[in-house]
Amino acid sequence: VIALFASLTARVPVGAQQVEIRQETDYPRTGRVTITVRPEHTAAFTLRIRKPSFCPEVKLAVNGEAQPACPVEDGFFCLTRTWSAAGDTVTLELAMPVTAWQATIQDDRESVLTTYGPLVLAVDSHYGTPLGATRVDYAGTPLPLTAQTPDGATCTPIVRFTTPGTIAGAPAPVTLVDYASAGSQNPAHDKFQVWVPIDRVK
């Protein structure tokens, strides 16, 4: 059973033998996961792989051959086949949808919360987005996100995006990072929030 997507190698017992499972991925930055399955001896068994609930579409392949009819049971893909001792490669392409929730909070302020795949995004004052003076442009649809490359900081966010908005009343790109990393650059001074005030645009 594979429930966690992370770069790792493990050996697990299946029947009377050990099976090596190696995962290679940068999830959740992207949705690509490569899994190598290598039993000690060629054998038939079922590999169960989690289908994330946030994910509307998953492309699954074994040794480059698409598996569009792979059954799903209790939230897991069930790959039943004869696995080669030479190793077989399973690839997943998980869709990473951008989703927005709009609400009125704190002093009747219209705000939006944005997710990218499984990640909640936040504004972080470390990136020049002071709380109370930062707004994002919102047209009733998910925010357009532009991925930013890592800046070499000690605590690099898992993901970092920009989206159109205003800072202190002037049009400017607004930086959003994953909530898990928000406030980690300088915890004593940086402030962050997930509900971001909006300027409605058409």
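**Exercise 1. Place Thr36 in the fold and decide whether Thr36 is buried or exposed.**

Thr36 is found in strand E3. Strands here are DSSP runs of E with at least two residues, helices are runs of H or I with at least four, and both are numbered from the N terminus. This is a predicted model: local features need pLDDT of at least 70, side-chain atom pairs count only at pLDDT 80 or more, and totals for chains, interfaces and linings use all residues. Residues are numbered from 1 along each chain as its sequence is written, and side-chain values use heavy atoms, with hydrogens and water left out.

Step 1. Take the accessibility. Thr36 has a relative accessible area of 7%. Buried means under 20%, exposed over 50%, and partly exposed in between, with a 1.4 Å probe and protein chains only. Thr36 is therefore buried.

Step 2. List the contacts (heavy atoms within 4.5 Å). Leaving out residues up to four places away in sequence, Thr36 touches Glu20, Ile21, Arg22, Asp88 and Thr89.

**Exercise 2. Describe the chain as a whole.**

Step 1. Count the elements. There are zero helices and 18 strands in the chain.

Step 2. Check the dimensions. The radius of gyration is 21 Å, whereas a compact globule of 202 residues would have one near 17 Å. That radius is taken over C-alpha atoms, and the globule rule is 2.2 Å times the number of residues to the power 0.38. Along the principal axes, the C-alpha atoms fill a box of roughly 65 × 35 × 25 Å.

Step 3. Look at burial and contacts. Of the 202 residues, 39% are buried. Among contacts with a separation of 6 or more, 62% join residues 24 or more positions apart.

Step 4. Add the surface. The chain exposes about 10,500 Å², and carbon and sulfur atoms supply 53% of this area. Accessible areas come from the Shrake-Rupley method with a 1.4 Å probe; for residues, only the protein chains shown count as cover.

**Exercise 3. Find the enclosed space and name its lining.**

Step 1. Fix the terms. On a 1 Å grid over the protein atoms alone, a cavity is a set of points where a 1.4 Å probe fits but cannot get out; a pocket is an open set with protein on both sides within 12 Å along at least five of seven lines; lining residues have an atom within 4 Å of a point. Grid points are joined across faces, edges and corners, and a volume is the space filled by probe spheres set on the points.

Step 2. Search. The whole structure yields one cavity of 30 Å³ or more. The largest cavity has a volume of about 30 Å³.

Step 3. Read the lining. Among the residues that line the largest cavity are Val112, Leu113, Thr114, Leu121 and Ala122. Strand E11 (109-116) and strand E12 (119-124) are the elements that give two or more residues to this lining. E11 brings the largest share, three residues.

Step 4. Sort by class. The lining has nine nonpolar, one polar and no charged residues. Ala, Val, Leu, Ile, Met, Phe, Trp, Tyr, Cys and Pro count as nonpolar; Asp, Glu, Lys and Arg as charged; the others, Gly among them, as polar.

**Exercise 4. Characterise the two open pockets.**

Step 1. The largest pocket holds about 270 Å³ of space. It is lined by 16 residues, with Val1, Ile2, Val12, Ile21 and Leu47 closest to its centre. Strand E1 (8-14), strand E2 (17-25) and strand E4 (43-50) each supply at least two lining residues. By class, the lining has 13 nonpolar, two polar and one charged residues.

Step 2. The second largest pocket holds about 180 Å³. Twelve residues line the second largest pocket, and Arg29, Gln148, Ile158, Val159 and Arg160 lie nearest its centre. Seven of the lining residues are nonpolar, three polar and two charged.

**Exercise 5. Inspect the backbone in the loops.**

Step 1. Tyr27 and Pro28 are joined by a cis peptide bond, with omega about 10°. Pro28 lies in the loop between E2 and strand E3 (32-39).

Step 2. Asn63 is not a glycine, yet has a positive phi of about 50°. Asn63 sits in the loop between E5 and strand E6 (65-66). At 45% relative accessibility, Asn63 counts as partly exposed.

Step 3. Asp74, also not a glycine, has a positive phi of about 55°. The loop between strand E7 (72-73) and strand E8 (76-83) holds Asp74. Its relative accessible area is 74%, so Asp74 is exposed.
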